[in-house]
Amino acid sequence: MATCHVLRLPMSFFDRAITGQLVSRVTNDTEAVKMLYVQVLFVMLDSVIVLAGAMVAMLWLDWRLMLIVATLVPAVVLIVMLYQRLSAPAVTRTRELRSELNAQLAESIAGMAVLQAGNATERFGKRFAGINEAHYHSRQRELRANAWLLRPVLDLLNVILLAVVIFVFGMRGNGAALSALEVGVLYAFISYISRVVEPLIQITMQFSQLQQAMVGAARVHVLLKETETPVAAEHGRVTEGAIAIEHLDFAYRPGQPVLHDLDLHIAPGSFHGIVGHTGSGKSTLLSLLLRFYPAPAGAIRIDGTPVEAIGEDHFRDSVGLVPQEPFLLAASARENIAMGRQLSDAQVEAAARAANAHDFIMGLERGYDTPLGEGGARLSVGQKQLLAIARALAGEPRILFLDEATSHIDSETEQVVQRALAALRGKVTIVAIAHRLSTIRDADRIVVLNHGRMAERGTHPELMAIDDGLYQRLYLLQQLEEEGAG
Ligand code: ATP
Ligand code: MG
């Protein structure tokens, strides 16, 4: 349940989430809660029944002696309260540290190349060891509380109680020899006392698990409280792929506006390029178009319908994204294109052909079934990018967004991507953010953003004609750079 919930959280949640901690909550903490149901409750119920049975039997034999034995119950309640007092902080701390360990590990593994290249493995190793040490001590504190308070204290009470019962028996006889009947009762009591103490020990022992489960549940609850992306009503449809943006303002945090009063109309099947300096709001605009963040109501319409009124499944099927960093699964090329959708081999191949990815996939030793390794480790960045385009196209979207899909690839591969995009013109609405202006040179219209405002718009020749315009300067600068590099 927690996993499904995490998959439906809005993108803004993942801006602050730390992967390892999240994984820890979804795995370890839910596991602790599970123990409550498979073990704790079962053992407790079992023990309570045995306890009640023994008490009734003792009541039957001798109610006064039974009252002495019954003093155990409040004593145990006190011990458990004390135990909770002492162990709760340690248990909470241990769980926090464990999730911190997971977070560190996940982060280090993800950034291994940077760590090793930056000779930072030792520093990170030390940091990890520090948290590990703290975890060890915290866990020790927990275990010490268990070791002192649970079994040993109750064992002690057991012995004290035995002594008291024998003593009371002895006083009653007043020195005279016990009758056979009385010896029988004494014997029965001595054996009943252990029958009472054992379930009490079992119950108190469960409190350590219960403590884990409660702390785990509190942590899972924090996660479950995060509101999921609201599922929009189903009536809106994407038919043509026309996008209308009107008076769009947006801020991630109140008082820090990122986009100002944007107006943009994108005709179905057209190819739009978005350029601008770093931080000018290009990716933000795309995130809003993709509904990763909620745009002001009605500011963005697709085919006349406000984006927020389009059903989630239909919206995601109709809108494809090729991100800057292609994300590949550790699976085959086919699975990477299908992404869990029920696609026939022909559909997968058609998408790969449309993305110009078919040829290189056929060049792999097992074609579409070649495992690509984690993160597509065995492909070049350009190949990953083509695969990401194939994946986006496999859903037969009406609209395709590209966020700097050509930033990391060489000019030759860029041309392959450009050809793939050119072949899609007229069929799919394309909005491409590009640092490399050559990618969007042929776009129907280029929009230049500057500090969240639209500075210029037009075709490449139109923008180049603006003297000392932003686009012209960007373009000339890039040409100089490329010549320098060449
Ligand atoms: P680049 O070319 O470097 O990718 P960009 O034009 O895509 O830049 P954005 O990523 O849209 O720029 O960022 C625009 C502004 O919004 C920046 O000032 C950035 O700090 C801020 N910003 C971006 N993402 C977030 C976020 N998730 N939370 C808060 N602020 C953000
Ligand atoms: Mg960006």
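This is a short talk on two sheets and one ligand site in a predicted model.

I'll start with the sheet that has six strands. It is an open sheet, its strand order is 6-7-8-3-9-10, and its pairing is mixed. Strand 6, residues 319-322, and strand 10, residues 453-458, are the edges; each has a single partner strand, so one side of each is left without a neighbour in the sheet. From one strand to the next, the twist averages 20°.

Inside that sheet, look at strand 3, residues 271-276, and strand 9, residues 445-450. These two pair in the parallel sense, over 5 bridges. One position to find on screen is H272, which stands opposite R445 in strand 9.

A helix also belongs in this picture. Helix 15, residues 381-394, lies across strand 6 and strand 7, the latter being residues 399-403. Helix 15 runs at about 175° to strand 6.

Now the other sheet. Here 4 strands form an open sheet in the order 2-1-4-5, and the pairing is antiparallel. Strand 2, residues 257-266, and strand 5, residues 305-306, are the edge strands, each pairing on one side only.

Strand 1 covers residues 243-251 and strand 4 covers residues 300-302; they run antiparallel and are joined by 3 bridges. Within that pairing, I245 has I300 in strand 4 as its bridge partner. Helix 10 packs on this sheet and touches strand 1, strand 2 and strand 4. The direction of helix 10 makes about 115° with that of strand 1.

Helix 10 brings us to the ligand. Which helix gives the most to the shell around ligand 1? Helix 10, residues 282-289, does, with 3 residues. In total, 15 residues surround ligand 1, and the closest are D15, T278, K282, S283 and T284.

What kinds of residue make up that shell? The shell divides into 8 polar, 4 charged and 3 nonpolar residues.

Next, some individual contacts. S283 has a polar side-chain atom 2.7 Å from an oxygen atom of ligand 1. At G279 the contact is through the backbone: a polar backbone atom there is 2.9 Å from an oxygen atom of the ligand. Y252 places a polar side-chain atom 3.4 Å from a nitrogen atom of ligand 1.

How much of the ligand's accessible area does the protein cover? On its own, ligand 1 has 630 Å² of accessible area, and the protein covers 65% of that.

To close, helix 10 is the element to remember: it packs on the sheet with strands 1, 2 and 4, and it gives the most residues to the ligand shell.

Key
Residues are numbered from 1 along each chain as its sequence is written. Chains are lettered from A and ligands numbered from 1 in the order in which they are written. This is a predicted model: local features need pLDDT of at least 70, side-chain atom pairs count only at pLDDT 80 or more; totals for chains, interfaces and linings use all residues. Side-chain values use heavy atoms; hydrogens and water are left out. Two strands pair if DSSP finds at least two bridges between them. Axes are lines fitted to C-alpha atoms, for helices over the stretch in contact, and angles run from 0 to 180 degrees between N-to-C directions. Contact means heavy atoms within 4.5 Å. A residue is near a molecule or strand if one of its heavy atoms lies within 4 Å of it. A polar contact is a pair of N or O atoms within 3.5 Å; within protein, one must be able to donate a hydrogen and the other to accept it, and residues adjacent in sequence count only if both atoms are side-chain atoms. Accessible areas come from the Shrake-Rupley method with a 1.4 Å probe; for residues, only the protein chains shown count as cover. Ala, Val, Leu, Ile, Met, Phe, Trp, Tyr, Cys and Pro count as nonpolar, Asp, Glu, Lys and Arg as charged, and the others, Gly among them, as polar.
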